[in-house]
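Trainee: Please select a single part of this model and examine it closely, giving the criterion behind each term. I should also like to know how that part relates to its surroundings.

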Amino acid sequence: MGDRADQLHPNLARVVAAAASAGLVIKVQRFPEETRTAAEAARAVGCDVAQIVKSLVFMADGEPVIALLSGGDRLDPARLATELGASAVRRADADEARAATGFAIGGVPPFGHAQPLTVLIDERLLEHDDVWAAAGLPDAVFKVAPRALQAASGARLAALAATGDGASPTVRVDPA
């Protein structure tokens, strides 16, 4: 695959262009197997599942938001709601995710979305030297330093991962 954006699938070209407009140069890698899940992506790339960025689309009080989380973690919806000041959060369905981002679930990148979105990045992602994020298709990823990812996506740093300690505040969480 060439490095020029005009040689790429339109989804990949959009992600590469969005990265470039944010001052980030990325190299998209495609794999014969899908990289839809964190485990599939980690196997394909040859890294730890914690180094995979999950770009999760949620609806917070009816508005789509993106949460960037380590592949080894689960998002705590109550923490997300608190960070956003939302009274209700739920995972976006496939149609909502595509409408908000322009990408199908399993290939949602951290930037280059169809519309401006609020993006939050979990603090645990910053523990890694490099992470791998979806590049717009279910078989495409790119490697990036977490701080560069945060800057390029305009993400706000937050504690979003479930801790298992039961300390999260109570908030209405709609079923996904």
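Mentor: The account below begins with one side-chain pair and then turns to the nonpolar interior.

The model is predicted: local features need pLDDT of at least 70 and side-chain atom pairs pLDDT 80 or more, whereas totals for chains, interfaces and linings use all residues. Residues are numbered from 1 along each chain as its sequence is written, and side-chain values use heavy atoms, with hydrogens and water left out.

The part I have chosen is the pair formed by aspartate 139 and arginine 30, whose side chains make a polar contact of 3.2 Å (N or O atoms within 3.5 Å, one able to donate a hydrogen and the other to accept it; residues adjacent in sequence count only through side-chain atoms). Aspartate 139 sits in the loop that runs between β6 and β7 (140-144), while arginine 30 belongs to strand β1, residues 28-30 (strands are DSSP E runs of at least two residues, helices H or I runs of at least four).

The two partners differ in burial class. Aspartate 139 counts as buried because its relative accessible area is 18%, whereas arginine 30, at 40%, is partly exposed (buried is under 20%, exposed over 50%, partly exposed in between, with a 1.4 Å probe and protein chains only).

Around aspartate 139, residues up to four places away in sequence being set aside, the residues touched are Gln29, Arg30, Phe31, Glu33, Glu34 and Thr35 (contact means heavy atoms within 4.5 Å). Arginine 30 can also be placed relative to alanine 135: the C-alpha atoms of these residues are 9.0 Å apart, although 105 residues separate them in sequence.

β6 and β7, which flank the loop of aspartate 139, lead on to the interior. The largest nonpolar core has 35 residues, and Ile26, Leu68, Phe111, Phe142 and Leu149 touch the most other members (buried Ala, Val, Leu, Ile, Met, Phe, Trp, Tyr and Cys joined through side-chain atoms within 4.5 Å). Two or more residues of this core come from each of α1 (10-21), β2, β3 (63-70), α4 (94-101), β5 (118-122), β6, β7 and α5 (146-153). The greatest contribution is that of α1, with six residues. Isoleucine 26 touches Val15, Val16, Ala19 and Phe142, again leaving out residues up to four places away in sequence. Apart from this core lies another, of 15 residues, including Leu56, Leu69, Leu75 and Leu160. As a general matter, nonpolar side chains in soluble globular proteins tend to be buried together.
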